[in-house]
Every structure is written in structure tokens, then in C-alpha cells.
Amino acid sequence: MQIAPAIDEIVNRYYYEIVGVFWPPERALVEKFEQLPFPFAEIKTPSFEMAAHWNLEHLVGYLRTWSATQRFIMANERDPLDEIHDKLRAAWGNTDERRRVVWPLKLRVGMKK
């Protein structure tokens with residue numbers, strides 16, 4: 001997901017460094033989607049994205065739904081979002097301001113030879 005460079009940096013740190021070890025192993029398939037074996041002649045696709053307009057509360061709520069966040073909470077009996085909340089708030093600015101949140105969508109399309 002992409003919002004703004006300062007916010008993205010905090011979210012990426014959260015994703016990889018704070019809750020990273022709590023992602024299930026199969027999550028690696030999502031991370032390496034474009035590197036997975038593909039038995040077809042690949043066809044280039046246009047770029048797609050999904051977008052929303054969120055305030056800070058929406059973002060924090062979304063991060064709380066992550067399976068890695070929930071697994072962290074179960075293992076440590078504390079909320080890992082506490083580690084980034086103040087930095088997120090500072091980077092966001094007005095917490096009621098809605099920002100555009102974008103998820104690039106990846107497709108792999110192929111033709112049978």
C-alpha cells in the first residue's frame with residue numbers, strides 16, 4: 001500500500017521489522033508473486049490499482065486486522081501498533097484528513113503455448 005513517503009516508511013517498518021516474523025509462511029507467495037513459476041507465455045498487462053480515502057483511524061484499524069498484528073498480540077499480549085502510533089500521527093498531520101491510499105494490483109496473464 002502507498003500513501004505518502006513518510007507514512008509509507010513507518011508502515012513498511014511495521015510490516016517488516018515489528019510484525020514481520022508473525023506473517024504466515026505462505027505470505028511469501030504474495031511477496032514474490034512475480035517470481036513464481038508461470039507455465040505460460042506471459043502477456044503484459046496494464047497497471048491496475050485499488051484506492052480508498054482514509055483518515056488515520058481507518059489506517060490504524062486496517063493495520064490491526066492484519067493476521068501478523070493479531071499473532072503478535074497473541075504472542076506478546078500487547079498491541080504492536082503502540083510502537084508506531086505516535087510517529088504515524090506526526091507523519092499524518094491532521095488525523096481527520098483523508099488521504100489517498102493505493103494498493104497496486106498485480107496480474108499475471110498467459111497464453112498456453
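Mentor: A salt bridge is a side-chain nitrogen of Lys or Arg within 4 Å of a carboxyl oxygen of Asp or Glu, and by this rule the count in this predicted model comes to 8 salt bridges.

Trainee: What makes glutamate 17 and arginine 13 a salt bridge?

Mentor: Their side chains come to 3.7 Å, N to O, and the cut-off is within 4 Å, so the pair is called a salt bridge. Both residues lie in helix H1 (residues 5-18), 4 residues apart, about one turn of the helix.

Trainee: Why is glutamate 17 called exposed, and how do you know whether arginine 13 is buried, partly exposed or exposed?

Mentor: Glutamate 17 has a relative accessible area of 62%, and exposed means over 50%, so glutamate 17 is exposed. Arginine 13 has 31%, which falls between the limits of 20% and 50%, and therefore arginine 13 is partly exposed.

Trainee: How do you know that arginine 100 forms a salt bridge with glutamate 49?

Mentor: The closest N and O atoms of arginine 100 and glutamate 49 are 2.6 Å apart, which satisfies the requirement of within 4 Å, so the contact is counted. The pair links distant parts of the chain, with arginine 100 in strand E3 and glutamate 49 in strand E2 (residues 48-54), 51 residues apart.

Trainee: Why do arginine 100 and glutamate 49 count as partly exposed?

Mentor: Arginine 100 is at 40% relative accessibility and glutamate 49 is at 45%; partly exposed lies between under 20% for buried and over 50% for exposed, so arginine 100 and glutamate 49 both count as partly exposed.

Technical notes:
Residues are numbered from 1 along each chain as its sequence is written. This is a predicted model: local features need pLDDT of at least 70, side-chain atom pairs count only at pLDDT 80 or more; totals for chains, interfaces and linings use all residues. Side-chain values use heavy atoms; hydrogens and water are left out. Helices (H or I, at least four residues) and strands (E, at least two) are DSSP runs, numbered from the N terminus. Buried means under 20% relative accessible area, exposed over 50%, partly exposed in between (1.4 Å probe, protein chains only).
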